[in-house]
Amino acid sequence: MAGRRFDNRDVPELPEVETIRRDLAPLVAGRTITGVEVDPGTLPLLAGAPIETLRANLVGRTIRSLGRRGKYLLFELDDGRWFAAHLRMTGRLVWRERGAPPEPYERAVIQLDDGHDLRWSDLRKFGTWRLHASAEEVTAKLGPEPIDAGLTEAQFRRVLEGRRAPVKAVLLDQRRFAGLGNIYVDEALYAAGVRPDTPAGDLSRAAMGRLYRACREVLERGIAHRGASFRDYVDGQGNEGQQHMFVQVFRRTGKPCYVCGTPIARSIVGGRATHYCPRCQRPARRPRRAGEGARRAG
DNA sequence: CGTTACCTGAAA
DNA sequence: TTTCAGGTAACG
């Protein structure tokens, strides 16, 4: 009756954040913020900044647009500044009529001038709100998005080349590529037939090309399926998310690979639970020969 | 480069 | 009761 049980496995990555952005953008564009309330116990949200400061900066501002970069939601304000919200692990942002009952784990509310609220809930309080003088302040530290139409295969390869870190760790690093999280990374590596612990620079040119296309495909499919989370509030039709229909390996440990039947394996790569098919995802054969042992500096 | 802390609830 | 989950910043 109170909707779905809170499920902290639905961690927002690029497709989930983009789904939220698309849903909220037409609802908030042109609206003026009339109030901001934050639960004082939700410390990481403001990184210690006083709520009064945030309120002074937001109340009275009109929202020009709602954008997204990586996993950040970017509210463009009418004074040229940008309000950046990051959902981290368990954050949710939903649009509700004023007076609607609180969301589970509701931590903050942004009141709009049309009688609606943006309700921020966050079970684990990892989410963040920051005010920036420009969008560049947010985006400067982020790598390109795999779904960016301007990202060429050669540019994608250049990020991986020469790196000794596991390719999964490189893909998860938002400074290298923005938007992938643990779920979509495992799915992309599976789709590309690449084992997650392969040192990024050891991938063949062909494998990098497959990974380039796989990253785009899994993210685009995630968006097309409206992500895995937040569906119960964003979809007026009541349609559910479809992520379970395309997840091939994530959290399928021990279950048969849909292609070859081999049980999906689980390991830890880059400090994260990692799922892969030991048969379909083969270790890269390193193209080393002459000069073997020579190390790249940096 | 890898590891840990942050925080809370579910699962083991 | 302990472990685990995962995005990111801080730290070694």
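A polar contact is a pair of N or O atoms within 3.5 Å. Keep that cut-off in mind for the stops along the DNA. The model on your screen is predicted, and every value on this tour is computed from it.

**Stop 1: DNA strand C**

Select R251 and zoom in on its side chain. An N or O atom there is 2.9 Å from a sugar or linking oxygen of DNA strand C, within the 3.5 Å of a polar contact. Now add R272, where an N or O atom of the side chain lies 2.9 Å from a base nitrogen of DNA strand C. R88 also has a base nitrogen of this strand beside it, at 3.3 Å from a polar side-chain atom.

Widen the selection to everything around DNA strand C. There are 18 residues here, and those that come nearest are H86, M89, R124, R266 and R272. Colour this surface by class and you will find 8 charged, 6 nonpolar and 4 polar residues. Which part of DNA strand C do the atoms within 4 Å of the protein belong to? Sugar or phosphate accounts for 53% of them, and bases for the rest.

**Stop 2: DNA strand B**

Next, select DNA strand B together with the residues around it: Y105, L123, R124, K125, F126, R164, A165 and P166. Start with R124, which has a polar side-chain atom 2.3 Å from a base oxygen of DNA strand B. You have met R124 already, among the residues that come nearest to DNA strand C. Step along to K125: an N or O atom in its side chain is 2.8 Å from a phosphate oxygen of DNA strand B.

By class, this surface has 5 nonpolar and 3 charged residues, with no polar ones. Of the strand's atoms within 4 Å of the protein, 63% belong to sugar or phosphate, and the remainder to bases.

**Stop 3: Y105, with an unusual backbone**

Stay with Y105, one of the residues around DNA strand B. Look for it in the loop between β5 (91-97) and β6. Most residues other than glycine have a negative phi. Y105 is not a glycine, yet its phi is positive, about 60°. Is Y105 buried, partly exposed or exposed? It counts as partly exposed, because its relative accessibility is 42% and that class lies between 20% and 50%.

**Stop 4: D114 and a distant partner in sequence**

Follow the chain onward to D114, in the loop between β6 (106-112) and β7 (116-122). With a relative accessible area of 32%, D114 is partly exposed. Now select L27 as well. D114 and L27 are 87 residues apart along the chain, while their C-alpha atoms are separated by 9.7 Å.

**Stop 5: helix α1**

L27 leads you to helix α1, residues 14-28. How far apart should its ends be? At 1.5 Å a residue, the 15 residues should span 21 Å, and the end C-alpha atoms are 20 Å apart, so the two agree. Look along the helix for a bend of about 25° at R22, with the proline P26 following within four residues.

Then switch on the surrounding protein. Because 11 of the 15 residues are buried, α1 is largely enclosed by the rest of the structure. The buried ones include L14, V17, I20, L24 and V28. After the helix comes G30, which has a positive phi near 85°.

**Stop 6: the largest nonpolar core**

Select F156, L160, V167, L171, L203 and L211. They have the most contacts inside the largest nonpolar core, which has 33 residues. The elements giving two or more residues to this core are α4 (153-160), α5 (167-172), α6 (182-192) and α7 (205-224). The largest share, 9 residues, comes from α7.

While you are here, find R163 in the loop between α4 and α5. R163 counts as partly exposed, at 29% relative accessibility. P199 is 36 residues away from R163 in sequence, and the two are 6.7 Å apart, C-alpha to C-alpha.

**Stop 7: along α7 to R226**

Finally, travel down α7. Its 20 residues should span 28 Å at 1.5 Å a residue, and the end C-alpha atoms, 29 Å apart, agree with that. Among its buried residues are A207, M208, L211, Y212, C215, R216, L219 and I223.

Your last selection is R226, in the loop between α7 and α8 (231-234). R226 has a positive phi of about 60° although it is not a glycine. At 27% relative accessibility, R226 counts as partly exposed.

Methods: Residues are numbered from 1 along each chain as its sequence is written. Chains are lettered from A and ligands numbered from 1 in the order in which they are written. This is a predicted model: local features need pLDDT of at least 70, side-chain atom pairs count only at pLDDT 80 or more; totals for chains, interfaces and linings use all residues. Side-chain values use heavy atoms; hydrogens and water are left out. The expected span of a helix is 1.5 Å times one less than its number of residues. The bend at a residue is the angle between axes fitted to the seven residues ending there and the seven starting there. Buried means under 20% relative accessible area, exposed over 50%, partly exposed in between (1.4 Å probe, protein chains only). A residue is near a molecule or strand if one of its heavy atoms lies within 4 Å of it. A polar contact is a pair of N or O atoms within 3.5 Å; within protein, one must be able to donate a hydrogen and the other to accept it, and residues adjacent in sequence count only if both atoms are side-chain atoms. Ala, Val, Leu, Ile, Met, Phe, Trp, Tyr, Cys and Pro count as nonpolar, Asp, Glu, Lys and Arg as charged, and the others, Gly among them, as polar. A nonpolar core is a set of buried Ala, Val, Leu, Ile, Met, Phe, Trp, Tyr and Cys residues joined through side-chain atoms within 4.5 Å.
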